[in-house]
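Visitor: I would like to learn how to read side-chain features in a structure such as this one. Could we go through them together, one feature after another?

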Amino acid sequence: MEKSYPKISVVIPSFNQGAYIEETILSIINQEYPNVEIIIIDGGSTDSTISIIKKYSNSIHYFISEKDKGQAHALNKGFAVATGDICSFLNSDDIYIGNIFWEIGRLYLDNNFKWVSSDILIGYSKEN
């Protein structure tokens, strides 16, 4: 019997990140990982953030936009509703690259890890 991949919950705290959040969301959707939960906690954005989030509403599992007490508060709110076997967060101006969800899912099945951390790649675009 084939093992099913663990659910990965991604909490995205956001506030007025309309210039970046679409690329952030697409970096998750484009993984084509079969068991992912996208949670966006927005601090009451007044730019294009909300309209971009609504554009991808079919892929977003939980979304709220209301004034909060900053990033840590937003993360706590997001993790409170997360249902994944693996929980992560991604800033609304960052992206996941490659097939990282598939790799993390495989490593989780093979090793049943408790914590994962990684280096951060810095550049101006995915190409760099």
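Guide: Let us start with one aromatic residue, bearing in mind that this is a predicted model: tyrosine 5 counts as partly exposed, at 26% relative accessibility.

Visitor: How is a pair of aromatic rings described, and how many aromatic pairs are found in the whole structure?

Guide: In general, the distance of the centres and the angle of the planes describe such a pair. A search of the whole structure gives 5 aromatic pairs. In one of them, tyrosine 5 and tryptophan 102 are arranged edge-to-face, with 5.3 Å from centre to centre and 75° between the planes. This pair links distant parts of the chain, since tyrosine 5 belongs to the segment before β1 and tryptophan 102 to helix α4, 97 residues apart. Tryptophan 102 is itself partly exposed, with a relative accessible area of 31%.

Visitor: Which tyrosine in the loop between α1 and β2 pairs with tryptophan 102?

Guide: That is tyrosine 33, which forms an edge-to-face pair with tryptophan 102 at 5.3 Å centre to centre and 70° between the planes. Tyrosine 33 lies in the loop and tryptophan 102 in helix α4, so this pair ties together parts that are 69 residues apart in sequence. Tyrosine 33 counts as buried, at 6% relative accessibility. Ring pairs link Tyr5, Tyr33, Tyr96, Phe101 and Trp102 into a cluster.

Visitor: Is glutamine 31 buried or exposed, and what is it in contact with?

Guide: Glutamine 31, in the loop between α1 and β2, counts as buried at 3% relative accessibility. A polar atom of its side chain lies 3.1 Å from the backbone nitrogen of isoleucine 100. When neighbours within four places in sequence are left aside, the contacts of glutamine 31 include Tyr96, Phe101 and Trp102.

Visitor: How should I read a salt bridge, and how many salt bridges does the whole structure hold?

Guide: The general idea is that side chains of opposite charge can pair when their charged atoms come close. The search finds 4 salt bridges in the whole structure. One of them joins the side chains of lysine 55 and glutamate 22, at 2.7 Å from N to O. Lysine 55 lies in helix α2 (residues 49-55) and glutamate 22 in helix α1 (residues 21-29), so the pair ties together parts that are 33 residues apart in sequence. Lysine 55 is exposed, with a relative accessible area of 56%, whereas glutamate 22 is partly exposed at 25%.

Visitor: Which residues do salt bridges that share partners join into one network?

Guide: Arginine 106 forms a salt bridge with glutamate 103, with the closest N and O atoms 2.6 Å apart, and both lie in helix α4 (residues 100-111), about one turn apart. Aspartate 110 also forms a salt bridge with arginine 106, here with 3.0 Å between the closest N and O atoms. Glu103, Arg106 and Asp110 are thus joined into one network through shared partners.

Visitor: And what is the general idea behind a nonpolar core?

Guide: In soluble globular proteins, nonpolar side chains tend to be buried together. Here the largest nonpolar core has 21 residues, and those with the most contacts inside it are Ile8, Val10, Ile25, Ile28, Ile40, Ile60 and Phe101. At least two residues of this core come from each of β1 (8-14), α1, β2 (36-42), α2 and α4. A second, separate core of 6 residues includes Val11, Ile39, Ala74 and Ala82.

Terms used:
Residues numbered from 1 in each chain as written. Predicted model: local features only at pLDDT ≥ 70, side-chain atom pairs only at ≥ 80, totals over all residues. Heavy atoms only, no water. Helix = DSSP H or I, 4+ residues; strand = E, 2+ residues; numbered from the N terminus. Buried < 20%, exposed > 50% of the residue type's maximum accessible area, 1.4 Å probe, protein only. Core = buried A, V, L, I, M, F, W, Y, C linked by side-chain atoms within 4.5 Å. Polar contact = N/O pair within 3.5 Å; in protein donor to acceptor, adjacent residues only side chain to side chain. Contact = heavy atoms within 4.5 Å. Phe/Tyr/Trp six-rings, centres within 6.5 Å; stacked < 30°, edge-to-face > 60°.
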